[in-house]
Amino acid sequence: MPFRRVPVCLVVVCLLAAGLSSCFARRRLIARKGAKNTTQALLTADRQTLLDSVTRQYEAVRDFNAEVDMVPALGTAEKSKITEYKDVRAYVLFRRPSDIRLIGLYPVVRTKAFDMVSNGLDFKLYVPSRNRFLVGKNEIDEPSPNKLENLRPQHFLDAMMVRPVDLKTEKVLLMNLTDEDNAFYIIPVVHENGNGQLQLSRSIWFNRYNLTIARQFIFDATGNILTDARYSDWKPYDNVAFPKHIEINRPKDEYAVVIDVVKMDINKGVSQEKFTLAQPEGSTLQVVGQAPVPSQAPPPTPPAKGRVKKK
């Protein structure tokens, strides 16, 4: 086989590439979201450590009474139309296992915009501006075109209190999503449906800079997103960590809300009476899924019969 002479210029290029590559390389720092600075190191954790952190966080909160700023929004990005309602002050009360109540106040005047409560199975919702009192089950079989009827206190509870994974009935995986833009551990949570197939029910995201919960997806039986909740700015309240900023998106129900905690008392006790919401007199009762039933005012009481005394 004849010897082929390699051009000198090619040899020089190869030597430069091998020995002087640093002279031609360009270094840049990766600035991911969630980092305090560009040199902040990423933390490592295994699956069990992350699952244990969810359990500790959930069990640390027995009850809370929070004052929050809330930005509700109606519509979806999919339909390219979103209407925001800013400067809504609200109060959120919670008591384990599943009692929750939300009272919203209008901007400026601070009169009551809504009042809703749930015990985990049923819910009640009072809207003073419409004089409507809605009751029903937490589960939504068919979303209503009236977005008001799709509101459930349980949606807020599922987002604000990330429940632990039950390894007796659920299976989990661990995914490391770390690239130039992201640094997350993701735990998909699946369970077996009645047909023997695995079904994705949730996914919990952890920020790799501090291993706090950063996001949670909750899915329906067909894999569509029911809730997309994002958490940031974790702060200690009464020595218990809780996210100061929470974004809740319900794409199928076409509403979302951004919550910023103003004040929060954790584990100081919330009495049972705080979760009692009676139908206001004169309001229209509506069982969700049925026609409204106007409240019937009692007939006027006739004047008492008797002799009128003369002066």
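How many salt bridges does a search of the whole structure find? The search finds 14. A salt bridge here is a side-chain nitrogen of Lys or Arg within 4 Å of a carboxyl oxygen of Asp or Glu.

Some ground rules before you click. This is a predicted model, in which local features need pLDDT of at least 70, side-chain atom pairs count only at pLDDT 80 or more, and totals for chains, interfaces and linings use all residues. Residues are numbered from 1 along each chain as its sequence is written, and side-chain values use heavy atoms, with hydrogens and water left out.

**Stop 1: the way into S4**

Select Arg96 and Pro97. The peptide bond between them is cis, with omega near 10 degrees. Pro97 sits in the loop between strand S3 (88-95) and S4. Strands are DSSP runs (E, at least two residues), numbered from the N terminus; helices are runs of H or I with at least four residues.

Now add Arg95 and Asp99. Their side chains form a salt bridge, 3.1 Å from N to O. Asp99 is buried at 13% relative accessible area, whereas Arg95 is partly exposed at 22%. The cut-offs: buried means under 20% relative accessible area, exposed over 50%, partly exposed in between (1.4 Å probe, protein chains only).

**Stop 2: the S4-S5 hairpin**

Select 99-105 and 112-118, which are S4 and S5. The two strands run antiparallel and are joined by 6 bridges. Pairing requires that DSSP find at least two bridges between two strands. Pick Ile100 and look across to Ser118 in S5. Then check cover on S5: 6 of its 7 residues are buried.

Move to the connection, which has 6 residues between the strands. Val108 takes a positive phi there, near 65 degrees. Tyr106 lies in this loop too, and is partly exposed with a relative accessible area of 32%.

Which residues make the nonpolar surface patch of about 310 Å²? Select Tyr106, Val108 and Val109. Patches take residues with over 30% relative accessible area and no salt bridge; like charges are joined within 9 Å, nonpolar side chains (Val, Leu, Ile, Met, Phe, Trp, Tyr) within 5 Å. Areas come from the Shrake-Rupley method with a 1.4 Å probe, and for residues only the protein chains shown count as cover.

**Stop 3: on to S6**

Extend the selection to residues 122-127, strand S6. S5 and S6 run antiparallel, with 4 bridges between them. Asp115 has Tyr126 in S6 as its bridge partner. The hairpin has 3 residues between its strands. In its turn, Gly120 has a positive phi of about 105 degrees.

**Stop 4: the S13-S14 loop**

Jump to Asp238, between strand S13 (225-237) and strand S14 (240-250). Its phi is positive, about 50 degrees, although Asp238 is not a glycine. Asp238 is partly exposed at 37%. Next, select Asn239 in the loop between S13 and S14. Phi of Asn239 is also positive, near 65 degrees. Is Asn239 buried or exposed? Asn239 counts as exposed, at 79% relative accessibility.

**Stop 5: charged pairs**

Side chains of opposite charge can pair when their charged atoms come close. Select Asp228 and Arg230: their salt bridge spans 3.6 Å, N to O. Asp228 is buried at 8%; Arg230 is partly exposed at 38%.

Then take Arg250 and Asp253, paired at 2.8 Å, N to O. Arg250 counts as buried at 8% relative accessibility, and Asp253 counts as buried at 5%. Finish with Glu67, Asp69 and Arg89, joined into one network by salt bridges that share partners.
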